[in-house]
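Welcome! Here are a few exercises to work through with the structure open beside you. Try each task before reading its solution.

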Amino acid sequence: MQVLESIQAVQQSSQAFKAVGNSVGYVPTMGYLHEGHIELIKRAKKENDIVILSIFINPLQFGQNEDLDAYPRDREHDLKTAEEHGVDVVFYPTESIMYPRPMSLAISVNKRTDVLCGRSRPGHFEGVVTVLTKLFNICQPDRVYFGMKDAQQVAVVDALIEDFNFPVELVAVSTVREEDGLAKSSRNVNLSAEERAEAPAILEALMLGRSLVENGEKNPVEIRAQIRQFLENKTHGRIDYIELLSYPALEAVDTVKGQVILAAAVHYSKARLIDNIVFEADGTAG
Ligand code: AMP
């Protein structure tokens, strides 16, 4: 496994692999790798000859009062995990390699960001598409792998690829969960023991919403109210949002129909957790 810090080295490596007919799968991450990331790596391994993994905590996608400094890091564990799962190249740049000077240009995200995390985290998705534009040009993959845990990110990156004609195929991978249902996240280590015990309530609340829909409740206001009440009873975390939208358009709906996303974000003392489920309102799995 190659561990590369320089942009040019990764570009050359990717081009050399492709020149002899290999396909390149790419998994962008912020590190502190867990089974969610590993699932993406495994899928990329299965579908490509070569797998590139990047580990970069992108400051541009963190807001002023967010957890950039508290974001967990573990280089040794991450490199070992990558190696164990057959990653061919790890791109591990420093901040000054990625952003040697302030950017002269910016991409604005005009759709699908006035809801969910886009509304709670102004500038977040601009930071995400900026770093991904750079990373796509650096890693030059045929396929890129993202987790559905960040479903809004999948929708925004889909638009990035489409709007700017990146020759990349996006593959979305289902959310990997702990045994009690909590979505795996690098941020889970920043939960207190009490918060960790309460956090599975987020998925339980979303599943409650889904069962209401399946039992005939089609009014999103009513569904969200019941989810909120359930969550307020089950956790001390501060609810950031509970939303029920069409998917993948991420538009508000008056009546629940077609494919929808039920999503929630909850603030704990040192971590903000998000989760979602996507399903068909007529009861079939999404
Ligand atoms: P992160 O390191 O948190 O930026 O995540 C890197 C990639 O891993 C993103 O595409 C995430 O959606 C994905 N990911 C994170 N957690 C999970 C999970 N529990 N299941 C599946 N994918 C995940």
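**Exercise 1. Find which backbone atom partners a nitrogen atom of the ligand, then look for partners of its oxygen atoms.**

Step 1. Keep in mind that this is a predicted model. Start at V176: one of its backbone N or O atoms lies 2.8 Å from a nitrogen atom of the ligand.

Step 2. Turn to the oxygen atoms of the ligand. A backbone N or O atom of G147 lies 2.9 Å from an oxygen atom of the ligand. With H37, a polar side-chain atom lies 2.9 Å from an oxygen atom of the ligand.

Step 3. Now look at the ligand's surface. On its own the ligand exposes 480 Å², and the protein buries 93% of that.

**Exercise 2. Describe the shell of residues around the ligand.**

Step 1. The shell holds 17 residues, with M30, H37, D150, V176 and K184 the closest.

Step 2. Sort the shell by class: six residues are nonpolar, eight are polar and three are charged.

Step 3. Ask where they come from. β2 (24-29), α2 (35-47) and β5 (143-147) each give at least two residues. The largest share, three residues, belongs to α2.

**Exercise 3. Check whether the length of helix α7 agrees or disagrees with the expected span.**

Step 1. Helix α7 covers residues 151-163, which makes 13 residues.

Step 2. At 1.5 Å a residue, the expected span is 18 Å, counting one less than the number of residues.

Step 3. The end C-alpha atoms are 18 Å apart, so the two values agree.

Step 4. Look just past the helix: α7 is followed by N165, which has a positive phi near 55°.

**Exercise 4. Decide whether Q152 is buried or exposed, and list what it touches.**

Step 1. Locate Q152 in helix α7.

Step 2. Its relative accessible area is 4%. Buried means under 20%, so Q152 is buried.

Step 3. Follow the side chain of Q152. It reaches the backbone oxygen of V115 at 3.0 Å, and one of its polar atoms lies 3.3 Å from the backbone nitrogen of G118.

Step 4. Leaving out residues up to four places away in sequence, Q152 touches R112, T113, V115, L116, C117, G118, F125 and L250.

Step 5. Widen the view to the helix. Other buried residues of α7 include V154, V157 and L160. The buried residues of α7 pack against several elements, among them α5 (116-120), α6 (124-139) and β5.

Key:
Residues numbered from 1 in each chain as written. Predicted model: local features only at pLDDT ≥ 70, side-chain atom pairs only at ≥ 80, totals over all residues. Heavy atoms only, no water. Near = heavy atom within 4 Å. Polar contact = N/O pair within 3.5 Å; in protein donor to acceptor, adjacent residues only side chain to side chain. Areas by Shrake-Rupley, 256 points an atom, 1.4 Å probe, with all protein chains shown as cover. Helix = DSSP H or I, 4+ residues; strand = E, 2+ residues; numbered from the N terminus. Nonpolar A, V, L, I, M, F, W, Y, C, P; charged D, E, K, R; others polar. Buried < 20%, exposed > 50% of the residue type's maximum accessible area, 1.4 Å probe, protein only. Contact = heavy atoms within 4.5 Å.
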